[in-house]
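Please look through the sequence and the model shown here before reading on. The paragraphs after it are meant to be read alongside the structure.

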Amino acid sequence: MKTSFRRHLGNFSLKKKALVIFLLFVLLPTLGVGVVVQHQFNQILEERFINSTKRNLDNVTNQLEEQTAMVKDIANYLILSPDMRTFLRSSPPLTSDQKTDLKRKIEDFLTFQLMSKSYIRSIEISGLNGNFIGMGEPFYGDESRWMELARQRKGGIVWTEGYELNSGWNGHVRVLSLFRLLNSYSEITKPLGSLIIRLDEASIVELLEKGIFEEGSGSVFIVGDQGQMIMESKHHLPDAYVPDNALMNELENSKDGFITAKIEDKRYLTLYNRIENTDWTIISMIPEVKVNQEFRSVKILMIFIIAVIQLLGLTALIGFHYTIIRPILRLKKETNRVTYGDYNARVPVNSHDEIAELNRKFNEMVVTIKELIEHKYKLELRQRESELKLMQNQMDPHFLYNTLDMIRWTARLEKASKSSQLIEMLSKFFRSSIDNGNYETTLYKEMEFVRSYLFLQQNRLGDKLQYALFMEAGIEQVPILKATIQPLVENFIKHGLDKNKPRYIVHVKCYKNTGEIWIDVVDNGLGMEPERKEEVQAALEHAGADVNREGAMMNIHDRLSIYFGEGFGLQIVQTSTDGTWVRLRIPDADIQPSLAVDENDG
């Protein structure tokens with residue numbers, strides 16, 4: 001059987017094979033599993049929804065039971081309070097001060113209760129001796145029915161149904177109240193006064209609705225022990241239906257604690273719970289349509305998932321071409337571009353698979369090749385520019401060196417020591433500036449180059465030029481590009497001297513700082529014009545931007561950043577009419593230390 005199936009399948013084209021595999025292993029299994037999972041999931045969701053509603057109902061019942069218990073505790077405390085018994089006694093009569101003091105104490109207690117329990121709107125105490133205390137909102141209306149019932153109870157608590165009163169603050173308001181006679185503690189049948197605690201019906205309804213289900217999703221009722229309606233939610237059932245005795249009996253006889261009630265051809269999931277300290281019953285009725293909405297979303301989700309799976313399977317039939325073959329052809333095309341010298345070739349990387357990794361490595365390789373070519377080209381170009389500037393109008397280097405040595409020795413034979421020293425410094429200067437095309441030197445040699453230049457300039461300018469060179473021990477052999485410090489000093493001599501100052505001062509300091517070598521060139525020259533400073537600063541901060549990059553500082557910055565990498569180069573620390581402070585930053589090569597310090601103040 002298996003052999004026959006394989007033989008027949010082997011005769012199919014790849015397209016037919018893919019279609020058969022799709023039908024047998026994607027479409028049919030997905031439909032079958034989807035139907036089973038949806039049925040099971042609906043049952044689980046229905047059970048979870050009912051259990052969640054039961055938990056919510058239990059929580060609301062506990063909260064309402066706690067609130068009514070607190071109200072009862074207030075009533076019990078007032079009966080047992082000596083201050084209250086004294087305040088309500090008929091004889092001996094209270095003095096004015098006694099009455100005021102007792103009333104203040106009771107009012108303090110009642111104020112605390114009102115502020116800590118937002119669902120209490122007012123508390124009234126009326127004594128048979130004429131004393132009265134009213135805290136909270138002032139209410140007006142006929143409550144004689146409840147007070148008469150409280151008298152019949154002779155000290156027992158009477159909970160009212162929800163009823164409407166006129167508030168002096170908020171107009172017509174519905175409340176739920178506790179009525180109770182306050183009897184003497186020593187003579188428990190002797191009434192001293194009455195107590196009314198009014199609760200806010202709206203806050204209780206809000207607690208019930210928000211605690212059990214989402215707003216507008218159902219209706220909730222509180223039914224008394226005699227079947228009377230204590231209160232109901234704002235969302236009424238059809239024809240203003242309220243639970244009756246038949247519904248109550250059906251709920252009490254249900255095994256699961258809930259039933260499905262039918263009202264006006266509509267079905268409602270109905271649950272209930274009792275409040276033990278008041279003998280009230282909370283009934284929650286949720287339309288079955290609302291319940292099914294939970295399951296409808298699951299059905300839609302399941303259909304969507306099945307459709308997505310099938311779509312993915314169908315996509316897989318044609319996806320092989322776009323995920324395997326097409327990327328390889330694109331890579332081949334971009335490789336040909338690189339072969340012909342186009343280093344802007346790139347392959348898009350849209351995933352993390354092996355082909356994407358191959359594309360990523362190709363892009364990195366092209367970028368590296370381009371950077372290497374640009375690095376060497378730019379470095380050599382900048383170095384040649386520096387050398388050409390130094391070599392302009394100069395003779396052949398070897399002829400110049402030999403001639404200067406001959407003149408120096410002649411000066412020594414003629415005992416002209418100063419002339420000999422000047423010629424020696426000039427010879428060193430030219431030897432340092434031109435070195436057979438080698439663009440790298442050491443920090444020590446570059447500082448010697450600067451020293452030779454400044455020595456010659458000092459002899460030209462006289463004592464007005466003062467300079468100091470400092471190099472921290474251990475960094476002498478740090479590699480640096482040639483002609484990076486001397487052009488900055490030359491800039492000061494040629495363009496920055498302030499003729500109005502008695503001394504021309506320039507300091508060069510080389511030192512380590514957090515893994516880098518910093519070279520500070522500080523002078524007391526004219527400084528830069530604000531426009532020139534902004535132009536140079538913009539060029540330094542935006543390498544490669546379309547700005548003017550001419551000048552010694554731009555040349556130095558570009559060469560250092562190309563050679564050592566981004567983050568290194570030249571920066572203007574400060575410039576003003578008091579002078580200019582320029583800093584070069586290069587990496588620390590961590591060479592073994594030696595000693596090299598050269599200072600000359602002229």
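What follows goes from the overall make-up to one sheet, the helices that lie across it, and a pair of helices.

This is a predicted model, in which local features need pLDDT of at least 70 and side-chain atom pairs count only at pLDDT 80 or more, while totals for chains, interfaces and linings use all residues. Residues are numbered from 1 along each chain as its sequence is written, and side-chain values use heavy atoms, with hydrogens and water left out.

The protein has 15 helices and 19 strands, where helices (H or I, at least four residues) and strands (E, at least two) are DSSP runs numbered from the N terminus. Of its 602 residues, 40% count as buried, that is, under 20% relative accessible area with a 1.4 Å probe and protein chains only, as against exposed at over 50% and partly exposed in between. Among contacts (heavy atoms within 4.5 Å) between residues at least 6 apart in sequence, 63% join residues at least 24 apart.

Strands of a sheet pair through backbone hydrogen bonds, either parallel or antiparallel. Here an open sheet of 5 strands follows the order E14-E16-E17-E19-E18 with mixed pairing, two strands being paired if DSSP finds at least two bridges between them. Its edge strands are E14 (465-471) and E18 (569-576), each of which pairs on one side only. Within the sheet, E16 (residues 504-513) and E17 (residues 516-523) run antiparallel and are joined by 8 bridges, and Asn513 has Glu516 in E17 as its bridge partner.

Helix H12 (residues 443-461) lies across E14, E16 and E17 and runs at about 170° to E14, with axes fitted to C-alpha atoms, for helices over the stretch in contact, and angles from 0 to 180 degrees between N-to-C directions. Helix H13 (residues 486-496) lies across E14, E16, E17, E18 and E19 (579-587), at about 160° to E16. Glu490 has its place in H13 and counts as buried because its relative accessibility is 18%. The C-alpha atoms of Glu490 and Ala552, 62 residues apart along the chain, are separated by 9.5 Å.

The axes of helix H14 (residues 530-541) and helix H15 (residues 552-564) come within 10 Å and cross at roughly 15°. H14 is therefore roughly parallel to H15, a term for angles under 35 degrees, whereas those over 145 count as roughly antiparallel, 65 to 115 as roughly perpendicular and the rest as oblique. Val536, Ala539 and Leu540 of H14 make the contact with Met553, Met554 and His557 of H15.
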